[in-house]
Structures are given as C-alpha cells and as structure tokens.
Amino acid sequence: ADNPAPPPMPRRWLGARAAGGAKFKYHYSVLVDEVVLRAGVVAPPDASFRIAWKRGDKLATTRARAAEGGRIKFDETLALVCTMYRDTTGGGFDAKEATFTLLQQQGHKGETRKMARVSLDLSSYASVDPVVKECGLVLLHDGVPVGDAKLTISCRWLRNYSRDRGDDAESMVSGTGSDRSDACSSYYGRGSGSGSSCASVGSSASSFSIAGASEAG
C-alpha cells in the first residue's frame, strides 16, 4: 500500500504545543475507484457490494454496486474533516487509524456482511501542502487476501478552520440516498446501541467463498 512518511513540520508550527495549539484540522477525501476480487473469491450472482469508511465513530459508505467479472466499480468519493495532533516526539502527527471495509449485500432483505477490511494511518497523508496519492490496498478476511482496492486519497490543511468546534470535532461527508438508509445499523449490527453516527449508509449475513470454501456471515 502507498503509505508516505510524515513530512517535516514547518518552522512556524514548532512550539505549537507550548502555545496550546497542538491540533490542526485536515480535510480528507477518498475517491473509491474499484475493487478487484482475488482469484478464487466467488460471490453469489445476486450480491452487491459497498465500501464503508470508518474513522472513530464516523461511518460513510458508497452506494451498492454489482460485481462484473470479479471487478466492482464504484467511482465515488467519500470525505471527512479530521483533527490531527502533533507528535511531541518527532516531526509528524500522532497516528490516526481509518478502516475500509468491503460489505457484501444479498437477498431480498438486503442483508449485509463484512466481507474484508484494511486499515491505514491518516497521519501519513497530512502535510503543509495539499497531498494527492493513488494507492492500492489489500482487503483481508481473517488474514486471507480477498480483493484489491484502488483509491485516491486527497488531504489538505484547513488553515482557517474555526477552533470553536470542539477538541476533536469530526464530520463525515458523502452522498445520501434511501438505498443507504440502513448502512449504519448493518455495519454495527441492528439494535446494537453503539451510539455511533453515520453520514451515509447499507445493510447483514450473506455468504461468499474463497477458493471453494464457503464463508457464512
């Protein structure tokens, strides 16, 4: 996966923690291009798929898409505003993990399962200047590669962002639609009472197979 090293902090940021300003707002957007399923991964013909992006208690998903010849084309952008904290031991930011999960939806009830996932550190993309990186991420199911996700991650520093929005205020932005009204409950489990919030949403238990071995949700 493309995971650039944290850039050196500009001189004007040095000593920010001593001045009580150790946090910086960044806008992240992720163009979810496509997912290519690995050889041996077989999905039911009536299945559709989403990519869910989770950061903290925020969740957004793409629209449901069908697989064609093992390729799932999304071409959809998800975005968030994130607070990055200066790392006091070096010249970068504290790690901030985000997770991308491939959800499989199947059946007339639209039940969904988590098919595979991958995590990355958002702090690796934070810089003084805008950053745009294409990257390929391997989606895993219990350590077994299921598919390869092609993403373009964009990040820019919000220099004039208001600090009156809280110590760690985050907002997730993505498209909306009735076909995603169950995404949050499907990701966390219906009636889970997790208290997590969703900006856009899908829905929980279907099956797929890896090299002929069935995996039930």
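Colleague: Which residues touch the most other members of the largest nonpolar core?

Modeller: This is a predicted model, where local features need pLDDT of at least 70, side-chain atom pairs count only at pLDDT 80 or more, and totals for chains, interfaces and linings use all residues. Residues are numbered from 1 along each chain as its sequence is written, and side-chain values use heavy atoms, with hydrogens and water left out. A nonpolar core here is a set of buried Ala, Val, Leu, Ile, Met, Phe, Trp, Tyr and Cys residues joined through side-chain atoms within 4.5 Å, and the largest one has 40 residues. Those touching the most other members are Tyr-26, Tyr-28, Val-35, Trp-53, Phe-100 and Leu-102.

Colleague: Which strand gives the most to this core?

Modeller: Strands (E, at least two residues) are DSSP runs, numbered from the N terminus. At least two core residues come from each of E1 (23–37), E3 (48–55), E6 (71–85), E7 (97–106), E8 (111–121), E9 (131–141) and E10 (144–157). With seven residues, the one giving the most is E1.

Colleague: Is Tyr-26 buried or exposed?

Modeller: Tyr-26 sits in strand E1. Buried means under 20% relative accessible area, exposed over 50%, and partly exposed in between (1.4 Å probe, protein chains only). Tyr-26 has 0% relative accessibility, so it counts as buried.

Colleague: What does the side chain of Tyr-26 reach at 2.9 Å?

Modeller: Let's stay with Tyr-26 for a moment. Its C-alpha is 5.3 Å from that of Cys-82, although the two are 56 residues apart in sequence. The side chain makes a polar contact (N or O atoms within 3.5 Å; within protein, one able to donate a hydrogen and the other to accept it, and residues adjacent in sequence counting only if both atoms are side-chain atoms). At 2.9 Å, that side chain reaches the backbone oxygen of Ser-127.

Colleague: Which backbone oxygen lies 3.0 Å from a polar atom of the His-141 side chain?

Modeller: His-141 is in strand E9. It is buried, with a relative accessible area of 10%. The backbone oxygen 3.0 Å from its side chain belongs to Met-115.

Colleague: How many disulfides does a search of the whole structure find?

Modeller: A disulfide is a pair of cysteine sulfur atoms within 2.5 Å. Take Cys-155, which is buried at 3%: its closest cysteine sulfur, in Cys-82, is 8.7 Å away, so that's too far for a bond. Searching the whole structure, the number of disulfides is zero.

Colleague: How many residues apart in sequence are Asp-33 and Lys-150?

Modeller: These two form a salt bridge (a side-chain nitrogen of Lys or Arg within 4 Å of a carboxyl oxygen of Asp or Glu), with their closest N and O atoms 3.6 Å apart. Asp-33 is in strand E1 and Lys-150 in strand E10, so the pair ties together parts separated in sequence by 117 residues.

Colleague: Which residues are linked with Asp-33 in a network of salt bridges?

Modeller: Asp-33 itself counts as buried at 14% relative accessibility. Lys-150, at 42%, counts as partly exposed. The network links Asp-33 with Lys-73 and Lys-150.

Colleague: Which residue meets Glu-34 in a salt bridge?

Modeller: Glu-34 counts as buried, at 13% relative accessibility. Its partner is partly exposed, with a relative accessible area of 41%. The N to O distance is 2.7 Å, and the partner is Arg-71.

Colleague: Where does Arg-63 lie?

Modeller: The side chains of Arg-63 and Glu-76 meet in a salt bridge at 3.3 Å, N to O. Glu-76 is in strand E6, whereas Arg-63 lies in the loop between strand E4 (58–61) and strand E5 (65–68).

Colleague: Why is the pair of Phe-24 and Trp-157 edge-to-face?

Modeller: Rings of Phe, Tyr and Trp (its six-membered ring) pair if their centres lie within 6.5 Å; planes under 30 degrees apart count as stacked, over 60 as edge-to-face and the rest as tilted. By this rule there are five aromatic pairs. For Phe-24 and Trp-157, the ring centres are 6.2 Å apart, and the pair is edge-to-face because the planes are at 75°.

Colleague: Which residues form one aromatic cluster with Phe-24?

Modeller: Both Phe-24 and Trp-157 are buried. The cluster joins Phe-24 with Tyr-26, Tyr-28, Phe-93 and Trp-157.

Methods. Helices (H or I, at least four residues) and strands (E, at least two) are DSSP runs, numbered from the N terminus.
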